Amino acid sequence: MGISLISISHQNAPLVIRELFAFQKQVQIDLMRQMLERGYAAECVVISTCNRTEVYTYSERTESNFTQMQNLLLEFAEASDVENIGDYVRFYSGTGAVRHLFQVAAGLHSMVMGEDQILGQVKRAHEQAREAGVCDVYLNTLFRYAVTAAKKVKTETELSRTTVSAATMAVKAAEQTFGSLKGRKVMLIGASGKIGGVVLKNLQCMEGIRICITSRNLLKAREDCHHKAFYEVMEYENRYTLVDEMDVIISATSSPHYTLTYEKLAKSLKTSKPRVLVDLAVPIDIEEKAEWLPGIKRYDIDDFQELARANNEKKQHEVLEADQILEEIRLDFERWMVFQQALPKIKKMKAWMLQEAEKKGFGKAIDKMFYKIRDHSNPEDLRAFFEHMKED
């Protein structure tokens, strides 16, 4: 009985493995519903980002069913036959699962420690599960506590004060190649998405660059031109007609298909010059073979590990403070959970005490309750119980 977690993340799985588990929204919902329908869990929430896929469950079952849940996850990912797939899957239960979610929501497990995007992704994952009707009191409360803890970390520590993310590192990678993006032409595919939107904001703060974007909402995109760098909007279908002009192409969509293929780029690129292709998507947007083309330097999400490591080292002194905050709120949640699970027993205890009070008086009933606590507690818990009573 309790909370469990199955996790595949950038900490233990390469991009080629994480791509298999990068489920679209409807697939995530189907997976959560199957967890419930097959009796593996009573509640379920799936978090799916470019760096992780995690399945949180609450179950009334006393025995572990990780094997069944893993098999279902592999079935959805069509990864059952992948060699050594078990090496990339991590399991957590009880306190381990709760602590992991709190650390994820606060950005402690992000590739870029302290980045802000993960908290929004955690909130959206919880909301999606609520709308699908697959989570109830336990996971609803767990995710509320996790969000509260993450917000407290962000306001009371310096962990998130420096806004670094995969999106900002994409721009930095392009800058490192050219020295400066001033005078360069940049194409952004997927500007209307969460990550693409952050990339666009970073680009617009730079002077002297020309930006060309694709956006689902072309009207809104054209209206939002009030930064240092203006941009023009293109139809997605016309992207190959403009790639030859570009020095940098950044793609950040949620498409299950390539936005740029090797074959079409080879036909479209006529001018010989250095170019940077940055792929921020999982599954990948830009076919890997594109880096075989002359002058092309291609980055994907895993190539930012080194840049992220430098950022994370600077933030290590904030991690201890963040962990203390998270642990305090985790204990609050686990106390709530123990109490919530004990409510049927508390109800029986109240009924028994009322009966005893009617027979022998309220004082005797209280005495009997304390004797029951004494007889069914280990010495450490009993000592702590009475110490807290003394403090109160």
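These legends walk through several close-up views of a predicted model.

**Figure 1. The whole protein, before zooming in.** Start here to get your bearings in this predicted model. The protein has 392 residues, and buried ones make up 49% of them. Its secondary structure comes to 16 helices and 10 strands. Measure up the C-alpha trace along its principal axes and you get about 95 × 45 × 40 Å.

**Figure 2. Strand S3 and its two neighbours.** Strand S3 covers residues 52–59, and since 8 of its 8 residues are buried, the rest of the structure largely encloses it. In a regular strand, the side chains alternate between the two faces of the sheet. Here both faces of S3 are covered. Arg52, Glu54, Tyr56 and Tyr58 are buried on one side, and Thr53, Val55, Thr57 and Ser59 are buried on the other. S3 pairs with strand S1 (residues 2–9) in the antiparallel sense, over 8 bridges. Strand S2 (residues 43–48) is also antiparallel to S3, and this pairing runs over 6 bridges. Getting from S2 to S3 takes a hairpin of 3 residues. Tyrosine 56 is a handy landmark in S3: leucine 5 stands opposite it, and valine 45 has tyrosine 56 as its bridge partner too.

**Figure 3. Two phenylalanines meeting edge-to-face.** Searching the whole structure turns up 9 aromatic pairs. One of them brings together phenylalanine 21 and phenylalanine 23, with 6.3 Å centre to centre and 70 degrees between the planes, an edge-to-face arrangement. How much of each ring's residue is open to the outside? Phenylalanine 21 has 0% relative accessibility, so it counts as buried. Phenylalanine 23 has a relative accessible area of 8%, and because the cut-off for buried is under 20%, phenylalanine 23 is buried as well.

**Figure 4. A ring pair between two helices.** Tyrosine 145 and phenylalanine 333 have ring centres 5.5 Å apart and planes at 65 degrees, so this pair is edge-to-face. The two residues come from distant parts of the chain, 188 residues apart: tyrosine 145 belongs to helix H6 (residues 137–156) and phenylalanine 333 to helix H13 (residues 316–341). Are these two partners buried or exposed? Tyrosine 145 is partly exposed, at 24% relative accessibility, whereas phenylalanine 333 is buried, with a relative accessible area of 0%. The pair also belongs to a cluster, in which ring pairs link Tyr58, Tyr138, Tyr145, Phe333 and Trp336.

**Figure 5. An arginine over a tyrosine ring.** This view centres on tyrosine 236 and arginine 239. The arginine lies over the face of the tyrosine, 3.9 Å from the ring centre.

**Figure 6. A closed space inside the protein.** There are 2 cavities of 30 Å³ or more. The largest cavity holds about 170 Å³ of space. It is lined by 14 residues, and the closest to its centre are Cys50, Asn51, Glu115, Gln117 and Gln121. Which element gives the largest share of that lining? Helix H5 (residues 117–132) does, with 3 residues.

**Figure 7. The second largest pocket and the helices around it.** This pocket has about 910 Å³ of space. Among its 19 lining residues, Val338, Ala342, Ile373, Ser377 and Phe385 are the closest to the centre. H13, H14, helix H15 (362–375) and helix H16 (379–391) each supply at least two residues of the lining.

**Figure 8. Helix H14 from end to end.** How far should the 18 residues of H14 (residues 343–360) reach? At 1.5 Å a residue, they should span 26 Å; the end C-alpha atoms are 25 Å apart, which agrees. Just past the helix comes glycine 361, with a positive phi of about 100 degrees.

**Figure 9. Alanine 252 in its loop.** Alanine 252 is found between strand S8 (248–251) and helix H11 (262–268), in the loop that joins them. Despite sitting in a loop, alanine 252 is buried, with a relative accessible area of 10%. For a sense of scale, compare it with glycine 39: the two are 213 residues apart in sequence, and their C-alpha atoms are 36 Å apart in space.

Conventions:
Residues are numbered from 1 along each chain as its sequence is written. This is a predicted model: local features need pLDDT of at least 70, side-chain atom pairs count only at pLDDT 80 or more; totals for chains, interfaces and linings use all residues. Side-chain values use heavy atoms; hydrogens and water are left out. Rings of Phe, Tyr and Trp (its six-membered ring) pair if their centres lie within 6.5 Å; planes under 30 degrees apart count as stacked, over 60 as edge-to-face and the rest as tilted. Buried means under 20% relative accessible area, exposed over 50%, partly exposed in between (1.4 Å probe, protein chains only). Helices (H or I, at least four residues) and strands (E, at least two) are DSSP runs, numbered from the N terminus. A charge sits over a ring if NZ of Lys or CZ of Arg is within 6 Å of the ring centre and within 35 degrees of the ring normal. Two strands pair if DSSP finds at least two bridges between them. The expected span of a helix is 1.5 Å times one less than its number of residues. On a 1 Å grid over the protein atoms alone, a cavity is a set of points where a 1.4 Å probe fits but cannot get out, and a pocket is an open set with protein on both sides within 12 Å along at least five of seven lines; lining residues have an atom within 4 Å of a point. Grid points are joined across faces, edges and corners, and a volume is the space filled by probe spheres set on the points.
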